[in-house]
Amino acid sequence: MLAGIALTLVSLWYGQNHGLAPVQASADAVLVDDLFNTMMTVGMGIFLLVEGVLIICMFKFRRKPGDDTDGPPIAGNIPLEILWTAIPVVIVLVIGVYSFEIYRIEGGFDPEAAEQSPVQVSPVQVAMLPDTEMSAPLLPPASQPVSHKPMHNHMALGVGGMPDQMKDPDLTVNVMGLQYAWIFTYQDTGVTAGELHLPADKDVKLVIKAQDVLHAFWLPQFRLKQDAIPGQDAELRFTPTRVGEYPIICAELCGPYHGAMASKLYVQPADEFDQWLQQQIASQPNSDQTVAAKPAADRTDADYLATFAAHNPVDAAALEQLHPHSMQHSMSEQAAQSLQPTA
Amino acid sequence: MQGSTVDSAKAALNYHGTVAGAEHEAHPDHRIFGVIVFLAAESMIFLGLFMAYLTFRAVYPTWPPEGTPERELLLPGINTLILIGSSFVIHQADTAIKQNDVGGLRKWFGITAAMGAIFLVGQIYEYHNLEFGLTTNLYASTFYVLTGFHGLHVFLGLCLILAVLWRARRKDHYSSEHHFGVEAAELYWHFVDVVWIILFILLYLL
Amino acid sequence: MLPYLVAEPFHRLLQFVMTQTEAPTTKLPSGHHPAQERKWQDYFTFNTDHKVIGIQYLVTSFVFFAIGGLMADVIRTELRTPASDVVSPELYNQLLTLHGTIMIFLWIIPAGAGLANYLIPLMIGARDMAFPKMNALAFWMLPPAGVLLALSILVDAPQAGWTSYPPLSLMTGKVGEGIWIFSLLVLGTSSILGAINFFTTIIKMRVPSMDLNSMPLFCWSMLATSALILIGTPVLAGALILLAFDLLVGTAFFNPTGGGDPVVYQHMFWFYSHPAVYIMILPLFGAISEIIPVHARKPIFGYLAIAYSSLAISFLGLIVWAHHMFTSGTPAWLRMFFMITTMVIAVPTGIKVFSWLATMWGGKIALNSAMLFAMGFVGEFVIGGISGVMVASVPFDIHVHDTYFIVAHLHYVLFGGSVFGIYAAIYHWFPKMTGRMMNEPLGIVHFILTLIGMNLTFMPMHALGMQGMNRRVALYDPQFQPLNELCTIGAYILAVSTVPFLINAVWSWIKGAKAGDNPWNALTLEWQTTSPPEIENFETLPVLAWGPYDYGVERIPEDIEPPLTSPELQPDTSALS
């Protein structure tokens, strides 16, 4: 009895004080942490129960020297078995429903995430090297159906807006993952950067794409992650609530320098952010055009990487070495073959 | 044995008793059971490939992708009928051997082998006359890999049938009692046939 | 004529593979035949005895465990510091790919197959497996595929992770990836052939007096495992075939540049590879269910619940795969479906854990090495189980997916679970396999080192993952260094922990104390024959006189032959002739 109370108290205390989670920089983080604390409390209880029974067995039910007899022949106890089937069922159901609810509030079910997105779809993302013919768009931009997904009619991916806010996001940023950097393009202004600056307390939407292989865009302090899949767009929508500097991490193996594929997210007060954005607009010559609308040939990977060399340990030359040229070439040829309209 | 001082026969008797005369018997034939389990596993490869095909189909905006040449239905249709027919033919062989009719077995297996060979030739002919290649587009790739993988199975089935025929050249090799090879080949052939029917519906008719 | 040239060898091969144990009555005089001894050379040949094959599997897989463990220690040495300073990033990725692949496909799965090979016929009173030659063939596919995979590090090893997700796997070197695909196809085929054997043997070859519900629980768990192998592995083969076409021929099934869909590969891959987790853990669930009652001297608590929970895990294991893809291209409603099915697996697993605890409770526990590892199994596995429910929850998994939290979780399941289970099984059945006891003090040292090393290596990884350390990285944020150093020390301790075990196993095999037929006074059939068992297992086929776990129940006195009064207990001789 006493042990039971102690076990419960320890679990409750530990569930709140495990100190495992990083700082919370958004409302989503608070929700996820509450969920984790609940699971941690229940988990700690089960952990202590099991380990406690094991330790008691080791000491209390140890065979006495010289005693070669068997233990009591108890082969089961139906009510007890029903109990320890029913309790996990209830726990699992509660955690399941709780998780479902958190996911809903986070915006996981945002049904129109894909359809609504005002993203100007860029031409099919192809693995590109600066000097292959495939860096050019496959179809003239004009013929691109506006609301059409690049290649597949997949459903919405990622975590969308909170269900109660039926409005467009305050800011939309395209996030492009490529070996081994993240490129951020602000949709309204066309500003392109290698670090993500976001205004605090604004509803932000990130449209996540990948250029070459799978990447995953992870913001640990926001408890948000979404794979970047070539050919499929995904989104993350959230409201940063805490000013500060946070790591952006690639969480899907993307090559030898996967560990170095990191960037920074700066959450700034709104006025500071505007200031930064104006600076960027001024310093970028073609900033009146969005990157998506301009032919990719103007801007090669090498250019992109040169801009962000400071954050990227791999230079363009190393990058080129990593892709066997012939491989790239043959892949591009196939792509061209399969996508050319055959009359 | 191993220096044990215990009389093993006595020990076994002490614990579990003995069954006089039941030792060292050949256990019943489980090979057909094994073949069925194997075919169940085989069918999972096809199921996996079919599901992949259906997924590609579902996520692609238009299927087959624009520009895929029209496929002809006549030749594959005839091929399908031949393969389905051969399943009935091979069953005749099973009936024959169950009546100890080795001649019947040879005849029906021979016809099945011929039908299987015609199917394969038809398949190769179709490949030659298609206007798309393996890497033309996703539809073409799935088409070739699915039909090719099935074709490989038809070929293996054909080898099995020929192997049975080879064995059946001796009059006493198969009998109404012992004809595992016949049954195994027949089961395999039915399996290949069923897979083809699903494949035909998926690739040609849908 | 030509077709016949093809047909004859083919038929011979088929005949060869499908031959079963045929011990015709004419060949052997009924009643008695001279016991034959196994020679050590037999273990290096194409031997069809299930006991030889079982030991071949166990020893081979342990060699690969050592290779995979060595790779793990190189990885941990690299991770001692945040910089990439011990091996090149390419080599690092090759090492992590090979470590994962070897540990899964060449250590845990074959070790489970080894135990199953050794134990199933003995436990059900059969003389061998249903298809002994196919059994030997399945084993002999393993060493070449494994050696090929391990040696690929000398030329151009695969470096896309054991998951080998395209498009990365299509871009990191054709040779290595090709070897990886080929090895896995061979290992998968071996696994399928093994499973056909287990399944047929358990279903068809029990002694007539043993119905399904009086089977030892290990057989139940192998039944569930075989079903998973038979259903899952072929789908992996399908995925690998398509991947090979993408890699070598230039199709674009999974290559987005040609219109393919990399997410389809993930679905096919995980359709096998999630059940693979259960393929790796279920045999050990079974082994633990055997070991605990013997050393606690109590009947297993809730036999039927444990038996059927294996089947439930097997079934549920087939419909949870997309929980590995919660942050990938998985739409919301699918994420929810797979979250619920995944969490439900906790229920049958919990039934097992609680049943084991109840079996121990009130028993008379002999705390020997086998029992210590069995209890360690329960204690460590439960940590992996709890973190398993946590990562099943989509919002939380979005945070920790592909981080060190997952690395910690999977190692608690596969090291704290499977590896502890394999050790427990070896300590428990070593006397049966060799006729000699293992050394207890060395075994206890081994247990303590393993327990400390395991927790030191993997416990801090939970925190690392939560705080933001992603997995499969050669370089990481310096703030994570202190915890990483702890993990590295733990990994070294784990490496050291295998030394007492190896000394113990080799020394005991040669010089250990004689074990006798039944040193643990266990009740299952494998203990009712000699140690090591004679070549065809039983002098005379046994008849069940009691259930496998009737401890503490008054059993039939030793000198009275068990009565064979009830007609269903009489052997069905008509089926045997």
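User: What makes helix α13 of chain C count as mostly covered?

Analyst: Happy to explain: 24 of the 24 residues of α13(C) are buried, a label that needs 20 or more other C-beta atoms within 10 Å of a residue's own, with C-beta atoms placed from the backbone. This is a predicted model, in which local features need pLDDT of at least 70, side-chain atom pairs count only at pLDDT 80 or more, and totals for chains, interfaces and linings use all residues. Residues are numbered from 1 along each chain as its sequence is written, and chains are lettered from A in the order in which they are written.

User: How do you know that the span of α13(C) agrees with its 24 residues?

Analyst: The expected span is 1.5 Å times one less than the number of residues. For residues 369-392 that gives 34 Å, and the end C-alpha atoms are 34 Å apart, so the two agree.

User: Why are α3(C) and α5(C) called roughly antiparallel?

Analyst: Their packing angle is about 165°, and angles over 145 degrees count as roughly antiparallel. The angle runs between N-to-C directions, on a scale from 0 to 180 degrees. The axes of these helices, residues 89-124 and 142-155, are 10 Å apart.

User: Which residues make that contact, and of what classes are they?

Analyst: Contact means C-beta atoms, placed from the backbone, within 7 Å. Among the residues are Leu98(C), Ile102(C) and Leu106(C) of α3(C), with Leu149(C) and Ile153(C) of α5(C). The contact divides into eight nonpolar, three polar and no charged residues. Nonpolar covers Ala, Val, Leu, Ile, Met, Phe, Trp, Tyr, Cys and Pro; charged covers Asp, Glu, Lys and Arg; the others, Gly among them, are polar.

How values were computed:
Helix = DSSP H or I, 4+ residues; strand = E, 2+ residues; numbered from the N terminus. Contact = placed C-beta atoms within 7 Å. Buried ≥ 20, exposed ≤ 12 C-beta atoms within 10 Å, placed from the backbone.
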